[in-house]
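Please open the model in your viewer and keep the selection tool at hand. The tour below proceeds from the whole chain to individual contacts.

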Amino acid sequence: MNQDRKYTRSQDSSLLVRSINASQRYMKAFSRCIPSKPLRPSLPPTFYRSAAALLLPASSFPLPNSSPPHSLVETFASLCQRGAFSDAIAAMVSLEGHGLRADPISYLNLIKLCIRNNAVDEGRLVHRHLSSDGDHPKLFLSNTLMSMYTKFGLLDEARQLFDRMGERNVVSWTTMISVMTNLKRNEEALRLLISMQREGVAPNMYTFSAVLRACQTLASLWSVHCCIVKYGLESDVFVRSSLIDVYSKFGDLDYGYRVFKEMATRDLVVWNSIIGGFAQGGDGYKAINLFTQMRRMGFLANQGTLASVLRACTGMVVLEMGRQVHVHVLKHERDLILNNALLDMYCKCGSLDDADAVFLRMSERDVISWSTMISGLAQNGRSSDALKLFDSMKILGPKPNYITIVGVLFACSHAGLVEDGWYYFRSMKKLFDIQPGREHYGCMVDLLGRAGKLEEALKFIQDMNFEPDTVIWRTLLGACRVHKNATLAAHAAKEILRLEPDDEGAYILLSNIYADSHRWNEVEQVRKSMGDRRVRKEPGRSWIEVGKKIHVFIVGDMSHPQADGIEKELSRLISRIANIGYVPDTDFVLHDVGKEQKEESLRYHSEKLAIAFGVLNSTRSKPIRIMKNLRICGDCHTFAKLVAKSEDMTIIIRDPVRFHHFQDGACSCGDYW
DNA sequence: ATAGGGTTAG
């Protein structure tokens, strides 16, 4: 595969060509505008003329002798109103030269024109003109100037203007608050909310929909929510969509949903907020249900909706549904975010051919597109392709970021490329200006552990400049399990339990490790502390898409309508693979029951039920795809490999972290996960 | 004049 040819950079053809001769065009326009009636006959023409004479040296626009000066004011007003931008600016310069001022509405129009034309220098010129008489511009003009500066990204200038304004109203404050929330200076935003009220300015719905995004703790959200209720602004759609969004981001989806349900009127953004909330909060099922409801109510999905729905599909790993959403995405084929979401959906659903096709067809690729594809390849066991793609990215892609490097290191560790991993880890700061973070360290522990360098991995953890978390210890624990190092495993498990006393997997492993070395006292102790803590056991769950429906299996639960068939199929599969060497591996069950019971409980692991169901309903031409909430156990892993071989089919199982593509008696993970 | 929703890792 020729990577260089395949992954070519999209052409950026946005050349801005501007050739404007403002004064020429102004002259034409000026000659066309002979006013019939003076707009605002305030001072006598002679006044203007004499005032203008004092200032005249600065003027590049000598007035025609025949025209009275106030016609210049009128011309300016008319140019601003008609949107003749550069002519209006030229006219303004001339006004200033003559010491004249026009009406505020014209200036308002002109500032809007500056924004529309992205004309920074002209904007500053207008600001200077409005302040040139030493007075503050009118309040609403100052506000408009502030919002102009924020739209240009000139936040310091906006702030300066705000600080120097003689008078500030709710609009000024809200604009400033928006600046702060956009900068993620959340404390500052909340402090502004307090200051404005102290100065006697009451916030309105604009203020609250902006300030809600600055709530970083549930407590601050509650206080702001109280404030909203107090001002009687809770029913505003904007405020509500913000409320839904922020409650969802704090994981309080129930509350977000309550706010949603209470609403009498909803618009598209409100729907998108609640769908996005569930999609991001991991309840893809609810997100998709709401999407269906939304369409039933006659709302047309836009890019935002579809991106959330794709994320929901990604979270549930429902490839077929994702494909259906893909059809809707075609309407917005140039939307980068949407394409990235699509790319991720295909990667996470284990369909790399589709992901490849999307990636190649994208008209524009940003760092997220490349990172998604690199991690996607690595997670699906195609590490060397991931690294090749990274090489192309270095040549013709955007600058890699923190997450890109996580994907690259993940690929190195999965391909067993210890040296490359070290190289990227050590040089990421120099090469890409990225400081190694927690996730990078985690990848390195994986890299070393996978290669069997367990002591080195432990030393690496101890030498880190931050506290190891459970993710790091679990990584080491996984390596210990594969390389059968009981001592180190016990150490890692203890560390995990110190940080997360309810980690069921760590208890089981620890107890099994002790049992293997016949240290029954310790086994007893572990089991006791597990009982004391009443460790909640998240039941294993697997699901599979068959016939446009999602079938969920829970460990030991045989309530599925086809339970009898599944039971028979399970027996058939077990006896078939027993012929090619399957022996139930009961190491993966807690050592507190007899051998037969252990085999019995293994038999009903949720992924086995799902595999049996999948095989039963399979056409053999397509791979069967199973999703799991927990990591696959070693026995089910062997089971899947052997079933794939004996039934001559591909089985794809996704656990919370990676994919297992089972084919011909082997797995893409190389028996390491 | 000021406001709300979407994509990458773990």
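How much surface does chain A expose, and what percentage of it do carbon and sulfur atoms supply? Chain A exposes about 33,500 Å², and carbon and sulfur atoms supply 52% of that area. Please bear in mind throughout that this is a predicted model.

**Stop 1: the whole chain.** Select chain A and display it as a cartoon. Its secondary structure comprises 35 helices and six strands. Chain A has 673 residues, of which 51% count as buried. Among contacts in chain A with a separation of 6 or more, 64% are between residues 24 or more positions apart.

**Stop 2: the nonpolar cores.** Next, select Phe76, Leu110, Phe208 and Leu476 and show their side chains. Within the largest nonpolar core, which has 168 residues, these four touch the most other members. Now centre the view on leucine 110. When neighbours within four places in sequence are left aside, leucine 110 is in contact with Phe76, Cys80, Phe85, Ala88, Ile89, Met92 and Val126. A second core, separate from this one, has 32 residues; to locate it, select Leu609, Ala612, Val615 and Cys633, which are included in it.

**Stop 3: histidine 129.** Move to helix H7, residues 120-131, where histidine 129 is found. Is histidine 129 buried or exposed? Histidine 129 counts as buried because its relative accessibility is 0%, under the 20% cut-off for that class. Add tyrosine 107 to the selection: its side chain and that of histidine 129 are joined by a polar contact of 2.7 Å. If residues up to four places away in sequence are not counted, histidine 129 touches Met92, Leu95, Glu96, Leu100, Arg101 and Tyr107.

**Stop 4: the surroundings of DNA strand B.** Select DNA strand B together with the residues around it, 54 in number. Asn143, Ser241, Asn272, Asn302 and Asn340 come nearest to the strand. Of the atoms of DNA strand B that come within 4 Å of the protein, 43% belong to sugar and phosphate. The residues of the surface near the strand divide into 24 polar, 18 nonpolar and twelve charged.

**Stop 5: contacts with the bases.** Finally, label these three residues in turn and display the distances to DNA strand B.

- Asparagine 340: a polar side-chain atom lies 2.6 Å from a base oxygen of DNA strand B.
- Glutamine 303: a polar backbone atom is 3.3 Å from a base nitrogen of DNA strand B.
- Threonine 174: an N or O atom in the side chain is 3.4 Å from a base oxygen of DNA strand B.

Definitions and conventions:
Residues numbered from 1 in each chain as written. Chains lettered and ligands numbered in written order. Predicted model: local features only at pLDDT ≥ 70, side-chain atom pairs only at ≥ 80, totals over all residues. Heavy atoms only, no water. Near = heavy atom within 4 Å. Polar contact = N/O pair within 3.5 Å; in protein donor to acceptor, adjacent residues only side chain to side chain. Nonpolar A, V, L, I, M, F, W, Y, C, P; charged D, E, K, R; others polar. Core = buried A, V, L, I, M, F, W, Y, C linked by side-chain atoms within 4.5 Å. Buried < 20%, exposed > 50% of the residue type's maximum accessible area, 1.4 Å probe, protein only. Contact = heavy atoms within 4.5 Å. Helix = DSSP H or I, 4+ residues; strand = E, 2+ residues; numbered from the N terminus. Areas by Shrake-Rupley, 256 points an atom, 1.4 Å probe, with all protein chains shown as cover.
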